[in-house]
Amino acid sequence: MKHLSLGRAAACLLLAASPLLAVAHGISEADRQRMLDGSYLQYVGLGASHMLTGYDHLLFLFGVVFLLSTFKDVAKFVTVFTIGHCITLIFATYFKITWNYYLIDAIIALSVMYKAFDNNGGFQKYLDMKSPNLLVAVFGFGLLHGFGLSTRLQQLPLGDDPLAMLWRILSFNVGVELGQIAALVVMVSLLAVWRRRASFKRFSYVANLGLFYAGVYLLFMQLHGYQHDTAPDSFRFPAAEHRHAHEDMDSENATDASRNDL
């Protein structure tokens with residue numbers, strides 16, 4: 001019952017944060033236009049801001065470092081994750097290998113759920129088995145996260161010159177790494193302080209439960225986006241009907257000031 005109440009509390013916190021999660025990483029039209037005449041430094045800045053607003057990436061990283069208590073372990077796992085996402089970010093973008101980004105982000109959401117499940121001993125409690133090799137899992141998820149970053153980067157004008165395109169990709173990747181380092185410094189510092197307090201053991205379960213619910217939320221958000229993307233007229237109100245409904249509502253709200261006079 002205690003875990004249930006903690007789970008409800010985590011769900012409430014997640015719902016409160018949902019407006020922030022809903023704006024998870026994407027490339028805006030303003031960013032695309034800015035890149036047309038931008039320098040490599042702008043790609044660095046965009047990569048950093050993209051990582052710092054990429055809640056799915058940050059949530060996964062939070063799950064990875066949550067139970068790591070030494071700098072050596074943090075460096076080891078973060079390095080493996082970084083190598084993984086660098087490989088797919090660079091090569092998939094350069095060779096223009098892509099997929100529907102909603103589906104990729106949905107799988108990335110599953111990686112968040114996986115790490116939270118693992119942190120709470122889910123494999124031992126519910127599947128009666130040891131956790132899969134964490135280094136291998138983090139590397140595999142790193143490849144996946146890099147592919148997700150690549151699909152977003154490919155929405156930008158990267159040019160036709162192969163060498164210039166490679167430099168833009170590498171600049172974006174440098175920015176991603178800088179953003180990741182900045183986020184990790186905050187995460188690891190806060191966790192190091194919290195780990196010294198008695199509340200860490202009491203609330204580590206609910207923290208990872210909240211992380212799991214965040215992954216569930218992101219999963220459904222991306223699947224919903226995919227359905228809108230592939231079948232916009234399959235919802236209750238097709239796009240044209242939806243627009244007309246709003247127009248009708250506006251006409252109902254219109255007033256004729258001349259009728260106020262007797």
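The following paragraphs describe the helices of a predicted model, how they pack, and a handful of individual residues.

The overall make-up is a good place to start. The protein contains 11 helices and zero strands, and reading along the sequence gives the pattern α-α-α-α-α-α-α-α-α-α-α. Of its 262 residues, 42% are buried. Among contacts with a sequence separation of 6 or more, 82% join residues that are 24 or more positions apart. The surface exposed by the protein comes to about 14900 Å², and carbon and sulfur atoms supply 65% of that area.

Helix packing comes next. Two packed helices are described by the angle between their axes and the distance between the axes. Helix 5, which spans residues 71–94, takes part in two of the pairings considered here, one with helix 9 and one with helix 8. In the pairing with helix 9, the axes come within 10 Å and cross at roughly 155 degrees. An angle over 145 degrees counts as roughly antiparallel, and helix 5 and helix 9 are therefore roughly antiparallel to each other. The crossing of helix 5 past helix 9 is right-handed. On the helix 5 side, the contact is formed by V74, V78, F81, T82, H85, C86, L89, I90, T93 and Y94. Helix 9 contributes P162, M165, L166, I169, L170, F172, N173, V176, E177, Q180, L184 and V188. Sorted by class, the residues of this contact between helix 5 and helix 9 are 16 nonpolar, five polar and one charged.

The second partner of helix 5 is helix 8, made up of residues 134–153. Here the axes come within 7 Å and cross at roughly 35 degrees. Helix 5 passes helix 8, too, in a right-handed crossing. The contact of helix 5 with helix 8 comprises 16 nonpolar residues, eight polar residues and one charged residue.

Helix 9 also meets helix 10. Helix 9 covers residues 162–195 and helix 10 covers residues 199–230, and the two pack with their axes 9 Å apart at an angle of about 130 degrees. Helix 9 and helix 10 are therefore oblique to each other. From helix 9, the residues in contact are L191, W194 and R195; from helix 10, they are S199, F200, F203 and A207. By class, this contact of helix 9 with helix 10 holds five nonpolar residues, one polar residue and one charged residue.

Several single residues fill in the picture. S204 sits in helix 10. Burial means a relative accessible area under 20%, so S204, at 17% relative accessibility, counts as buried. Apart from its neighbours within four places in sequence, S204 contacts F66, N120 and S199; S199 is also one of the helix 10 residues that contact helix 9.

Helix 3, residues 40–52, holds two further residues of interest, G45 and L52. G45 has a relative accessible area of 39% and is partly exposed. The C-alpha atoms of G45 and V174 lie 9.0 Å apart in space, although 129 residues separate G45 and V174 in sequence. L52 is likewise partly exposed, with a relative accessible area of 41%. L52 and I181 are 129 residues apart along the chain, and their C-alpha atoms are separated by 9.8 Å. Not counting residues up to four places away in sequence, L52 touches L58, G179 and A183. V174, G179, I181 and A183 fall within the residue range of helix 9, 162–195.

Two loop residues deserve a look for their backbone geometry. Most residues other than glycine have a negative phi. K96, however, has a phi near 55 degrees, a positive value in a residue other than glycine. K96 is placed in the loop between helix 5 and helix 6, the latter being residues 101–119. With a relative accessible area of 58%, K96 is exposed. D128 also has a positive phi, near 50 degrees, and is again a residue other than glycine. The loop that holds D128 runs between helix 7, residues 122–126, and helix 8. At 70% relative accessibility, D128 counts as exposed.

Methods
Residues are numbered from 1 along each chain as its sequence is written. This is a predicted model: local features need pLDDT of at least 70, side-chain atom pairs count only at pLDDT 80 or more; totals for chains, interfaces and linings use all residues. Side-chain values use heavy atoms; hydrogens and water are left out. Axes are lines fitted to C-alpha atoms, for helices over the stretch in contact, and angles run from 0 to 180 degrees between N-to-C directions. Helices (H or I, at least four residues) and strands (E, at least two) are DSSP runs, numbered from the N terminus. Angles under 35 degrees count as roughly parallel, over 145 as roughly antiparallel, 65 to 115 as roughly perpendicular and the rest as oblique. Contact means heavy atoms within 4.5 Å. Ala, Val, Leu, Ile, Met, Phe, Trp, Tyr, Cys and Pro count as nonpolar, Asp, Glu, Lys and Arg as charged, and the others, Gly among them, as polar. A crossing is left-handed if the near helix is turned anticlockwise from the far one by less than a right angle, and right-handed if clockwise. Buried means under 20% relative accessible area, exposed over 50%, partly exposed in between (1.4 Å probe, protein chains only). Accessible areas come from the Shrake-Rupley method with a 1.4 Å probe; for residues, only the protein chains shown count as cover.
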